[in-house]
Structure formats: structure tokens, C-alpha cells
Amino acid sequence: MNSETEETITSEMSAELSSAAETCNGRKRKRQAQAAHSPKRFNTMQEGEETPTRRHVARVSVQPDRLQQPITQSELTELLHYAALGAAGGVKQPSWCCLHHQKRVKAVNVVIVEGLTQSDFYQHYLAVQHLRTSYSTRVTFTPSPTNLASGIFGGEVPESDDPSLHQRPSGSSPVPNELRIHPIIAKFGTQKRGLTAYVLTQEEMIQNRYPVKGMPGFEEFVCTDGVDCVTDSSPLYGLDCEMCLTEKGYELTRVSLVDSDGKCLLDQLVKPPTRILNYLTKFSGITRKMLRPITTTLRDVQVKVVELLPSDAVLVGHSLDNDLAALKLIHQHVIDTSLLYRREFGRFKLKVLAESVLQKQIQTEEMTGHNPIEDAVAALELAQYFIKMGPRQVVELHLELWGCTIVDEPSEPEPEPEPEPSLRFADILQTLGRSVAFFGKRSDLPLDLSNQQWYNSDKEVVASFRRQTKCPFLSVVQISSLSDHLRRCPTPPEHQRAPAILRDTCVVFAGPFPGDFSERNVRRLFRCCGPVRKIKMLTTTVRVHAEVEFELLEGAVLALNVFNGLNIRGQSIKVQRPVYESTLDLDLTLEALQCDRLNTSRLYVTLSPSVAKGVSANGHEAYCRVNGTGAPQLTEEAIRETFGHFGSVERVVLSAQHAHIKFESSEARHAALSASEALLKDYVVCPSLTPAHLTSWDASGGEERTHAAYTSSQDQEMDLMLRKLDRRLSKLFGFLPEGTLSVVVLLGSTSADGHLPGLCLMEVKQGEEND
């Protein structure tokens, strides 16, 4: 094509574009004729001022210059550290975001979803209603080769000047060498911790022959209805049982249960179903005469114990495995004082511990057998004393129990300084008495979390989390079913093509164009709607058409509104969307995106075609020049001047061919969308559709579009799985207490060919009414 032809086409396009702009804005004028005469200011607050609904409420906002930069695992942990410890704990605000009113954060919950990418989220946008409506902040997440749960719990908190976090408690001294090797110090360390630190793990229960659900030999045992994870504020209950010898072995004859105050809740004699060979009166205190009138059965007392124990009860006893075996009862939260006051070989008798630690005389020779109420109270008080004093003081104050002393030998070299206290996030929280819990499949965690439980399915994970009576301060929930499913797929998983499928929604077909219309002419025509990714000319023997792919959804929407029906050289062109399986519900997706929390106050703006039409002789863009006269430029100042009439403009994000306006209120955006041509001057607007954290709608910058490998069955299966996941996460979110920082991380995927980014969603859960 020669230059004369190009100039002719450019000149013709100029007149036609002016007509198109008038037509497009004329439609608005019909809808809102009155707006031309009475511009209103809908928001009178100063820019940057907090709205009443935001004032004094904990929330997360991302720094504008970081909004389109993916965050890393270490940057996410910055936010978690600050949310949990705050400036008072010597932790600074994250470098990439701001957590407002951190002191109002009451808990932190992180949900890790394996196998999902950012592209999956937006391709199946309609399926994830809870995630897209409940979280007001989203940022792209860079996949990491390291385990995220491990990184959260084991990540080191930067050292601060606050001695309460990283230094020894006031008045403490270096630990002598004699104590370093003490069995209690070796197991529990020297610092005070909450009761959850001393609850036996499932592995410890199995190792010490406790009844455990699912283990052989305990099929007929009764399980208490307890939560899967207790906290440091969970109540303690003392339990002790007495047995006799029957034809079947040792069976229950008496059970006693006391609450945390030592008050007796249950003291019941039980008649064994089989013949008694030996009442063991010397130890049990039970005689034939005592049991003769008794009709209470084992089943009766099992029901009573289960009714008396709250769901988060922690049972305390001395060699409690024997008592639970006699009761034929399974309870997963126990503290065993015979293992708490541990020694290198064997175990201390309860009588010895009560006398040495509590200065109490129990099981005396004057008594006929043991008193189970007295024994239950002694075990309870021993556990309470240990938790209150901490391991180090228990050992130092009662060294005679272990037959050792601390020798002061000034002539010897000074002992090596005590190792620096742990800076790991979970360790610090537990030191501060805040509960920490992980829910998911077995994970490579860098530390032993108290009372850890493992699960086989996402349903079990979420259900166990919701059964708790109190949410842990820091909880990490790992969802693995999607990742497991994708690994089992016999063909390349559909989600890896999600970016290409998303691009389908940014495509329009246009034509017919005059026969001498080139790709360059098409690009000049359509670029005023937004950045164009690619143009493919579709030339037949008679007419010329084009496939135009935009970077953003808004570009395709404006192209349909502005250019459909445009007259070029007396020939009307048609602009329409292609019809693929991936675009059948596009109208619903666009409607949902307009109502997205991230878009409700955002507006997409370009110069009208009549302003953006100019092309200089050397082919460079000549925006804002119409017949040599000055026109409003695509600058922040000009945009604020025009759109400030509709409400306070919070932020303007400029690109070469378009801008996004962030108003202080959604009402201001609505006013701009309804405004007349006279108020909009030389701009064309549409609702923002692409969330602010995305640079392009494909959400990845990945591979080329393709339709050959796409199958509707894979898409439907993924859609159903995401709907189920979304419902589960909605139930989990509903359980979180007000003031919880809730973070959902779609991990993304990595492979030898590169990676697809994930997505991080954040929200501080609020009550029905703000403070």
C-alpha cells in the first residue's frame, strides 16, 4: 500500500470515527438527558480521607505502586508477622501493603489451596462466588518451590528491641549444664508455655499404649465428642479409675472425675459383667460388700463421662492410659503427669510426686486402698503446677526428686551461654501463650506443633476446623484434593490452558473492510479502545475481515459499543464476539466482574475515537490533536478535572491508550457512566472489568491461544470441583471470629517449562456492624 492510499484511508477514518463517537455518546444522552444541565458532586470528602465504614476497622490495602507486582512467600510472611505481633512486638509494616488498625486483629487464618492458579480463578470466576465476593484485596502470588506451611510456621521473625519476644524472661539466668541434660528440659525446654505444649500428640499416645481411634484392639471403645484441636484456654479435668481382676482381666469398678477447680463431678462404683477373681482391695479399696448392691454398668458410666466432658476438655491423669483402657474410652486430648514429670528410666509414683511437689499426703497406709477422687485431684494439681511454673522452675525447685544438685564451681570455666531463643514465628507465638495449629495432610513442618492432627480429605480438614470451640490464634489449613486430582489426570490438565481460554473473551471479529485495508489500519482503528495484543487478518477472495485480540476485557467491550455499525467508505462493518464454549456465559461473567468488590468504584476511560484518530505523517500517534487545535489530553490532570465533577477521585492509573479511575465511592462511578456527552467531553467510558492487580486479562502472559486441546468435560469437572471448594471455604470463613485476618493462597504451579502464577486473597473479617 502506498502512502497516498494510507493518507486517504486515514482521512476517511477520521470522519467516520467522529460519527461513531457521536453515535456512542448519543446513546448515553438518551438515557440521561438531564445530566447535561446539573453536574453533581457525590462525595465531598478530601482525597485520602477514610470513609465512615472504614474508620477504625482493621483492613489490608496494597500500595498502588505494588498492586501489579506479584508477591513472594517471604512478603506474605511479612504481613502475617505484622498482623500477629504488630509494632508493639517490634515488627514493621510490610513493604508492599498496609495493615490498618493492626491492634484490632484477633486471629490469623491462612488457607493454602494446592494446584490452583490465578488463571483458574478467573476462568471459573462464576464458580467461586464466596472467594470473589468476600475478599476485598487480591494480589498475584509467585509460586515457590518450598513448602508454604513450613515457611509460615518456621519463618524467622526479624529481631526487635522488644525483650519480651526474643530475650529471656526478666530475672532468669543462663541454664546450668546440669539442667541442660535433664529429661524435662530436654523434652520441653526452659520457657513457660501453655497447656497445649504438654498435651500428648497422637504419635506419643500410640507409643504409650493409649486407646487411639482406628488402632487395632480399640474397635469397641467409645469415643468422646471432642474437637480436633484444643487451645491453651481449654479446661482441664482430672480422671482416675480403680480396677479389679476378673475372668477377662482387669475391669473397671470405680471411676472419679473432677473439674479444673477440683470439684467432684462423678464418683461412681461399677459392677463388672464377668466374675471377679480378686477385688485388689489393698490398692482399689473395693470390697465385695461395696459392689453387691451396685447395678451401674460400664456403658452407664461411659455415657455419663461423655456427657460431662465439654468438646475441648483435656483429661489429666497419672498413667492415664490404664484408666482409659478400663473405661474403654477414647479421648484424644490428654496430659499424663507420669510423662510430664519424666525421668530417664521408669516413672514416678503419683504418691511421690504429690508429697514432693504439692506437699500432700495421699495413698497413706492408714487408708484402705486408694481414693480415686484424691488421686484425680492430685494429678490435676500437678499438671496445673507444671504449666504455671514452667519446666525450668519445676526442675530447679524439686531437684531432690531426680537425686541431683547444681554444683557451683567458680574455679571451673564459665558455662557456655544458653542458645539464643528461637526466632521462628510459631515458637514466638507459643511463647506468648498464643495457640498455633495446622490442619491438613501430613506436611513437612519444621517444628512439632502441639496436638497435631492429620487428615485424609479436604472435607475432614474443614469439618475438624469448624468443630473447634475456639479458633486458634494462628491456623493454617491446607487443601490438597485439587492438586491430587490434577496429578491423576491421564491427559495434560485443562487448567494449564486457562490463560489461552481467558484470551478468548478479549477477542472480537470485525469486518468486512475495504479490500486495501491492512493490519496496520485495523490496529490504528481499534487501539483507541485499549491496548491490542494481536491482529489476524482474515482475507477471502471478496472481502477482508480481522480478528482483534485485546489485552483487556474493556477493550473488547468498547470495540463492540463504539465500532459495531461503523460506516467505512459507505460500507457498514460488524463487530461481534466469536462463539466458543469458553465464551457462552461471557455475559454473566462480565456482569459479575462489574459488581466485583475490586471494581465497584473503578472506571475505564479512553479518548473518544474522534480525539484519538490523528496519525502524523511519519506514522506516530498524534493523540489530542484535532485539526491542529488542542484537545483534552490523556493525562491525570485532565482526567481529574473532567471526572472530579462526579465525585472525589482517589487514584488515576495511566497507560498509553487508556486509564483506570478509582473513585472514593461507587456512586461517583455510576454518575460518570450515566453522564452525557457534554459532561464527558472527549472521553469514552465503561465499567472496569479487569481487576487492578492484573496487567492483562489472561492473568499469566502465557502461551498462545488454542482451541484444539480444550474439552468441555474437563472444564465442567473443574467447575464442579471449584464450586465444592468454594462452599467449603465459605463455611470455614463463617466460623472465623470477627477480627480475623483471613488469607487464601492459590499456590499456582511450577514445571520445567516455567510457572503459572497463583493468587493471594486477603480480608479482615468484620461483624455485621463496624466499631
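Two strands are said to pair if DSSP finds at least two bridges between them. With that idea in hand, the predicted model can be explored strand by strand.

The chain as a whole comes first. It has 28 helices and 31 strands. Of its 771 residues, 55% are buried. Among contacts with a separation of 6 or more, 74% link residues that lie 24 or more positions apart. The chain exposes about 35,200 Å², and 49% of that area is supplied by carbon and sulfur atoms.

A good place to apply the definition is strand β31. Strand β28 (residues 740–746) pairs with β31 in the antiparallel sense, over six bridges. Within this pairing, Leu746 has Leu759 of β31 as its bridge partner. Strand β4 (residues 137–141) also pairs with β31 in the antiparallel sense, here over five bridges. In that case, Arg138 stands opposite Leu761 of β31.

How much of β31 is buried? Seven of the seven residues in this strand (residues 758–764) are buried, so β31 is largely enclosed by the rest of the structure. Its residues point in two directions: Gly758, Cys760, Met762 and Val764 go one way, while Leu759, Leu761 and Glu763 go the other, and all are buried.

Elsewhere, an open sheet of four strands follows the order β17-β18-β16-β21, with antiparallel pairing. The edge strands, each pairing on one side only, are β17 (532–539) and β21 (574–576). From one strand to the next, the twist averages 20 degrees. Strand β16 (residues 507–513) runs antiparallel to β21 and is joined to it by three bridges. Phe509 can be found by looking for its bridge partner in β21, Gln576.

Two helices lie across strands of this sheet. Helix α22 (residues 519–526) lies across β16, β17, β18 (544–550) and β21, and runs at about 135 degrees to β17. Helix α23 (residues 553–563) lies across β16, β18 and β21, running at about 150 degrees to β21.

Helix α2 (residues 73–85) offers a simple check with a ruler. At 1.5 Å a residue, its 13 residues should span 18 Å, and the end C-alpha atoms are 18 Å apart, which agrees. Is this helix largely enclosed or exposed? Eleven of the 13 residues of α2 are buried, so the helix is largely enclosed by the rest of the structure. The buried residues include Gln73, Glu75 and His81, along with Leu76, Leu79, Leu80 and Leu85. Just after α2 comes Gly86, which takes a positive phi of about 70 degrees.

The last stop is a single residue, His318, in the loop between β10 (314–317) and α13 (320–327). Why does His318 count as buried? Its relative accessible area is 14%, and buried means under 20%. The side chain of His318 reaches the backbone nitrogen of Ser338 at 3.5 Å. Leaving aside neighbours within four places in sequence, His318 is in contact with several residues, among them Asp323, Asp336, Thr337 and Ser338. Further contacts of His318 include Phe348, Lys349, Leu350, Leu353 and Ala379.

How values were computed. Residues numbered from 1 in each chain as written. Predicted model: local features only at pLDDT ≥ 70, side-chain atom pairs only at ≥ 80, totals over all residues. Heavy atoms only, no water. Axes fitted to C-alpha atoms, helices over the stretch in contact; angles between N-to-C directions. Contact = heavy atoms within 4.5 Å. Buried < 20%, exposed > 50% of the residue type's maximum accessible area, 1.4 Å probe, protein only. Areas by Shrake-Rupley, 256 points an atom, 1.4 Å probe, with all protein chains shown as cover. Expected span 1.5 Å × (residues − 1). Polar contact = N/O pair within 3.5 Å; in protein donor to acceptor, adjacent residues only side chain to side chain.
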